[in-house]
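Reader: I should like to go through the terms used for this structure and hear the grounds for each. Please set each value against its cut-off.

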Amino acid sequence: NGNRVPYALCFTNKDTQKVVAKNMIACLDKEASPTVISLSINDGVDSRCHCENCRKLFGGKGNETDRLLYFVNRVAGKIAKKYPNVDVDTISYADMSEPPKREKPAKNVVIRVCASGARNITLSEAEAIAATGNEKAKKPFLSKIAFIDRLKKISEKTSKIYVWDYPYNYKVINGIFPVLHTIREDMRYFADHNVKGVYINGQTDTCDFDDLKIYLIAKAMFNPYMSAEEYERHYEEFLQGFYGAGWKNI
C-alpha cells in the first residue's frame with residue numbers, strides 16, 4: 001500500500017543493494033576465513049516488494065524468485081570484488097519457492113532449497129509414486145513431490161545447491177516423528193541430485209530418540225553412499241554407547 005516495511009526490501013533499488021552489500025562485507029571482515037554468507041528472505045512474513053519498478057522487472061513476466069535473484073546477484077557481485085571465494089546463499093522458501101524463470105543464479109550464489117512434505121517415506125519412494133500417475137496415491141505426498149520437482153528444476157539452473165531439511169514436526173514438537181528409516185536414503189538422493197550441502201534445522205527436545213537421530217544424520221551426511229549394513233552398525237554402536245547394557249531392549 002505504498003508503505004515501506006523493514007522485512008520487505010526493494011530488490012531493484014540500487015542504494016538498497018549498496019547498503020546490504022556494505023553490511024554483509026562488514027560481517028565477512030570479522031571472520032578469519034569466510035566461505036559463505038546468507039542473504040535470504042525473512043520467515044513468516046511477506047518479503048515481496050510491491051513497488052512499480054519491482055513489479056515491472058523482466059517485463060512483468062518473471063516470478064518472485066526472479067526478483068529475489070536479481071537482487072541477490074547484484075549484491076553478490078559487489079561482495080565478489082573483495083571476497084571472490086565467498087558464496088552468497090539464498091533460500092528457496094515461502095514466497096520465493098518457485099524456481100526462477102528469467103534470472104539465473106550468479107556463479108557465487110548458492111540456492112538453498114527448503115524441504116517439505118511427509119517424512120514417513122523416502123524421496124525416492126515419493127518420486128516412484130509420482131511416476132505412476134495415480135492421483136489418489138499421490139495425494140498424501142503432494143508437498144514432497146513438489147519439493148522433488150523444485151529440486152530438479154533448480155538443478156537445471158545451477159550446480160550450487162544446498163538443502164535446508166527438517167527432521168522434526170514443528171507443529172507438534174514433542175510428537176514422535178519417524179525419520180530414522182529415511183535418513184540414509186534421503187541423503188543419498190540429495191547427493192545423486194547434485195546437492196553440495198545440507199543444513200539440518202536444529203536439534204530440539206523430542207520424545208523419539210533425538211540424540212540418535214542427530215548421530216545418524218551426521219554419519220549419513222559424511223557418507224551418503226554408505227550401505228544399509230553400515231547404517232545399521234552406526235545405529236547399534238550409538239545405542240550401545242548411549243544406553244549401555246540395556247541397549248538391545250531399546
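Author: The model is predicted. A suitable starting point is Glu 135, which counts as exposed at 52% relative accessibility.

Reader: What makes Glu 135 exposed?

Author: Exposed means over 50% relative accessible area. The value for Glu 135 is 52%, so the residue counts as exposed.

Reader: Is Lys 138 buried or exposed, and how do you know?

Author: Buried means under 20% relative accessible area. Lys 138 has 15% relative accessibility and therefore counts as buried.

Reader: Why is the pairing of Lys 138 with Glu 135 called a salt bridge?

Author: The term requires a side-chain nitrogen of Lys or Arg within 4 Å of a carboxyl oxygen of Asp or Glu. The closest N and O atoms of Lys 138 and Glu 135 are 3.3 Å apart, so the pair qualifies. Side chains of opposite charge can pair when their charged atoms come close.

Reader: What separates Lys 138 and Glu 135 along their helix?

Author: Both belong to helix α5 (residues 135-138), and being three residues apart there, they are separated by about one helical turn.

Reader: How do you know that Lys 153 and Asp 149 form a salt bridge, and where do they lie?

Author: Their closest N and O atoms are 3.2 Å apart, and the cut-off is 4 Å; the pair therefore counts as a salt bridge. Lys 153 and Asp 149 are four residues apart in helix α6, which separates them by about one helical turn. Lys 153 has a relative accessible area of 39%, and Asp 149 has 39% relative accessibility. Partly exposed covers the range between under 20% and over 50%, so Lys 153 is partly exposed and Asp 149 is partly exposed. Elsewhere, salt bridges that share partners join Arg 55, Glu 64 and Arg 67 into one network.

Reader: How many salt bridges does the structure hold, and what makes Lys 152 and Glu 127 one of them?

Author: The structure holds 14 salt bridges. For Lys 152 and Glu 127, the closest N and O atoms are 2.1 Å apart, which is within 4 Å and therefore meets the definition. Lys 152 lies in helix α6 (residues 142-155) and Glu 127 in helix α4 (residues 123-132), so this salt bridge ties together parts that are 25 residues apart in sequence. Lys 152, with a relative accessible area of 32%, is partly exposed; Glu 127, at 25% relative accessibility, also counts as partly exposed.

Reader: Why are helices α1 and α3 called oblique?

Author: The axes of α1 (residues 14-29) and α3 (residues 64-82) come within 9 Å and cross at roughly 45°. Angles under 35 degrees count as roughly parallel and those from 65 to 115 as roughly perpendicular. The crossing falls in neither range, so α1 and α3 are oblique to each other. The crossing is right-handed. Among the residues making the contact are Val 20, Met 24 and Leu 28 of α1 and Phe 71, Val 75 and Ile 79 of α3. By class, the contact of α1 with α3 comprises nine nonpolar, two polar and five charged residues.

Reader: What makes α7 roughly parallel to α8?

Author: The axes of α7 and helix α8 (residues 210-222) come within 9 Å and cross at roughly 30°. This angle is under 35 degrees, and α7 is therefore roughly parallel to α8. The two helices cross in a right-handed sense. On α7 the contact is made by Ile 183, Arg 184 and Met 187, and on α8 by Lys 213, Leu 216, Ile 217, Ala 220 and Met 221. These divide into six nonpolar, no polar and two charged residues.

Reader: How do you know whether Pro 167 is buried or exposed, and where does it lie?

Author: Pro 167 lies in the loop between β4 (161-165) and α7 (183-192). Its relative accessibility is 3%, and buried means under 20%, so Pro 167 counts as buried. Not counting residues up to four places away in sequence, Pro 167 touches Arg 119, Phe 177, Val 179, Ile 200, Asn 201, Lys 213 and Ile 217. The C-alpha atoms of Pro 167 and Ile 200 are separated by 7.4 Å, although these residues are 33 apart along the chain.

Reader: What share of the protein chain counts as buried, and how many helices and strands does it have?

Author: Of its 250 residues, 44% count as buried. The secondary structure comes to nine helices and five strands.

Methods
Residues are numbered from 1 along each chain as its sequence is written. This is a predicted model: local features need pLDDT of at least 70, side-chain atom pairs count only at pLDDT 80 or more; totals for chains, interfaces and linings use all residues. Side-chain values use heavy atoms; hydrogens and water are left out. Axes are lines fitted to C-alpha atoms, for helices over the stretch in contact, and angles run from 0 to 180 degrees between N-to-C directions. Angles under 35 degrees count as roughly parallel, over 145 as roughly antiparallel, 65 to 115 as roughly perpendicular and the rest as oblique. A crossing is left-handed if the near helix is turned anticlockwise from the far one by less than a right angle, and right-handed if clockwise. Contact means heavy atoms within 4.5 Å. Ala, Val, Leu, Ile, Met, Phe, Trp, Tyr, Cys and Pro count as nonpolar, Asp, Glu, Lys and Arg as charged, and the others, Gly among them, as polar. Buried means under 20% relative accessible area, exposed over 50%, partly exposed in between (1.4 Å probe, protein chains only).
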